Amino acid sequence: MRKDFLWGGATAANQCEGGWQEGGRGMAVVDVIPHGPDRMPVMKGILDYRKLPEESNYPGREAIDMYGHYKEDIALFAEMGFKCYRFSFSWSRIFPTGEEREPNQAGLQFYDDLVNELLKYGIEPVVTLCHFDAPLHLVEKYGSWKNRKMIEFFLKYCDVVFRHFKGRVRYWITFNEINMLMHLPFMGAGIRFEEGEDEQQVKYQAAHHELVASAMAVKLAHEISLDFQVGCMLAAGSVYPYSCNPMDVWESMKKDRENYFFIDVQSRGEYPAYAWKFFKGQGIELEMQNEDAKILKENTVDFISLSYYNSRCVRTDGQGEASGGNVFASAKNPYLECSQWGWPIDPMGFRITLNALYDRYQKPLFVVENGLGAVDEPKEDGTVCDDYRIDYLRSHIQAMKAATEEDGVDVIGYTPWGCVDLISATTGEMSKRYGFIYVDKNDDGEGTLKRRPKKSFGWYRQVIASNGKTL
């Protein structure tokens with residue numbers, strides 16, 4: 001691995017921060033996504049959160065209260081030897097409604113304190129600007145990213161944080177897993193569908209607004225500081241054909257394109273030919289302004305960040321069983337074992353994905369999410385022996401090393417997901433744990449929130465200290 005490789009960990013405000021009514025923070029999308037059977041329909045934008053039962057539980061409101069525990073958490077990250085920490089700013093903590101002329105000073109002060117705490121330990125901040133977390137006011141008044149006015153609100157937010165944290169934050173990511181807009185529109189982009197709306201039209205128009213906003217944020221960042229590095233991010237994972245049947249191969253290619261679509265625009269600066277053909281075939285007509293094409297072309301990203309949890313598999317014969325794996329449908333791959341949540345475990349797929357992305361874009365890659373969600377059972381003395389997590393991460397780090405050292409892929413950093421246990425984005429569970437640090441809280445919201453290292457904590461400390469040599 002390169003000598004300046006950025007080992008660290010990753011979280012997101014909407015899954016760990018809590019403090020939803022502290023310091024003048026406004027309501028955000030995460031605050032109205034419930035735990036339980038209504039969660040997925042709300043995240044998909046097909047169930048109106050305003051019609052949920054009064055007794056609904058919203059786990060993101062408290063999460064693990066990193067708002068009140070950040071110093072303790074960062075001290076533990078430093079003990080592991082983190083070189084960087086990837087996290088997100090809560091937009092509504094800085095602009096509570098999104099429409100304010102001036103930022104909320106208490107919100108900026110919280111992130112001042114958090115960033116300064118990281119820097120005290122020599123940990124590089126890697127900040128995601130929008131991680132499934134738009135201000136709820138903008139959803140209710142403007143329809144969120146359906147409306148082009150969101151670009152204006154987003155850029156005002158970007159301008160404030162870029163200027164405020166200049167000299168302290170170098171790495172920025174515009175939108176977390178931007179392709180998730182197509183699968184979970186409300187969680188991904190605050191999009192709620194009205195009766196009679198053409199969902200495809202709505203999603204791709206919202207996507208266009210986000211892509212223009214991302215490009216304009218890149219432009220703004222580079223104007224403010226030449227030191228800024230701004231990246232995009234996708235939920236990655238190569239799609240395999242189930243067989244060598246050409247129809248399976250063609251279907252896998254189409255599914256890969258669905259994933260690459262956003263990054264093609266953000267990295268290459270224009271809509272690819274296959275996208276225009278798709279729009280025409282689906283009757284999708286994007287509303288664009290004259291300068292949009294120029295903005296996209298001239299303001300491509302500096303690096304490509306990605307999450308990788310698993311590969312996918314497609315078959316066109318309608319046979320066989322389905323496999324789990326986040327929100328992406330997949331045929332079951334007979335060559336792979338699965339996690340407790342049905343996600344295929346595929347370290348070779350990680351190497352394949354890294355190579356595919358680097359071959360396609362020739363820009364540095366930053367792995368900002370990778371990990372294993374599992375039920376951890378503490379022993380009587382409180383210790384957690386999560387050897388299964390160590391095995392998963394070891395095999396994936398080995399695959400990443402092969403991609404860099406044998407294949408020539410340029411990877412600048414690796415931040416496993418949920419370095420401290422947090423709320424699952426897709427299920428809202430605490431029991432689906434990813435962290436090196438155990439947090440005492442259950443799915444019902446009960447617990448002391450006490451933190452304690454797991455076995456993987458000491459293992460990862462050795463990985464970082466040896467720059468990936470000791471696995």
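In which helix does Q266 lie? In this predicted model, Q266 belongs to helix α10, a good place to begin a walk along this element. With a relative accessible area of 6%, Q266 is buried, because buried residues are those under 20%. Its side chain does not go without a polar partner: Q266 makes a polar contact with the side chain of S214, at 3.0 Å.

Helix α10 itself runs over residues 246-268 and so counts 23 residues, yet its end C-alpha atoms are only 29 Å apart. A straight helix would reach 33 Å at 1.5 Å a residue, and α10 falls short of that span. The helix also carries a kink of about 50°, centred on Y260. The residue at the centre of the kink, Y260, is among the buried residues of α10. Also buried are D248, S252, D256 and N259, together with F261, F262, I263, D264, V265, Q266 and S267.

Both ends of α10 reward a closer look. At its start, a side-chain oxygen of N245 comes to within 2.9 Å of the backbone nitrogen of M247. Just after the helix, G269 adopts a positive phi of about 90°.

Finally, α10 can be placed relative to a neighbour, helix α13, which spans residues 347-361. The axes of the two helices come within 11 Å and cross at roughly 40°. The arrangement of α10 and α13 is therefore oblique, and the crossing by which α10 passes α13 is right-handed.

Conventions
Residues are numbered from 1 along each chain as its sequence is written. This is a predicted model: local features need pLDDT of at least 70, side-chain atom pairs count only at pLDDT 80 or more; totals for chains, interfaces and linings use all residues. Side-chain values use heavy atoms; hydrogens and water are left out. Helices (H or I, at least four residues) and strands (E, at least two) are DSSP runs, numbered from the N terminus. The expected span of a helix is 1.5 Å times one less than its number of residues. The bend at a residue is the angle between axes fitted to the seven residues ending there and the seven starting there. Buried means under 20% relative accessible area, exposed over 50%, partly exposed in between (1.4 Å probe, protein chains only). A polar contact is a pair of N or O atoms within 3.5 Å; within protein, one must be able to donate a hydrogen and the other to accept it, and residues adjacent in sequence count only if both atoms are side-chain atoms. Axes are lines fitted to C-alpha atoms, for helices over the stretch in contact, and angles run from 0 to 180 degrees between N-to-C directions. Angles under 35 degrees count as roughly parallel, over 145 as roughly antiparallel, 65 to 115 as roughly perpendicular and the rest as oblique. A crossing is left-handed if the near helix is turned anticlockwise from the far one by less than a right angle, and right-handed if clockwise.
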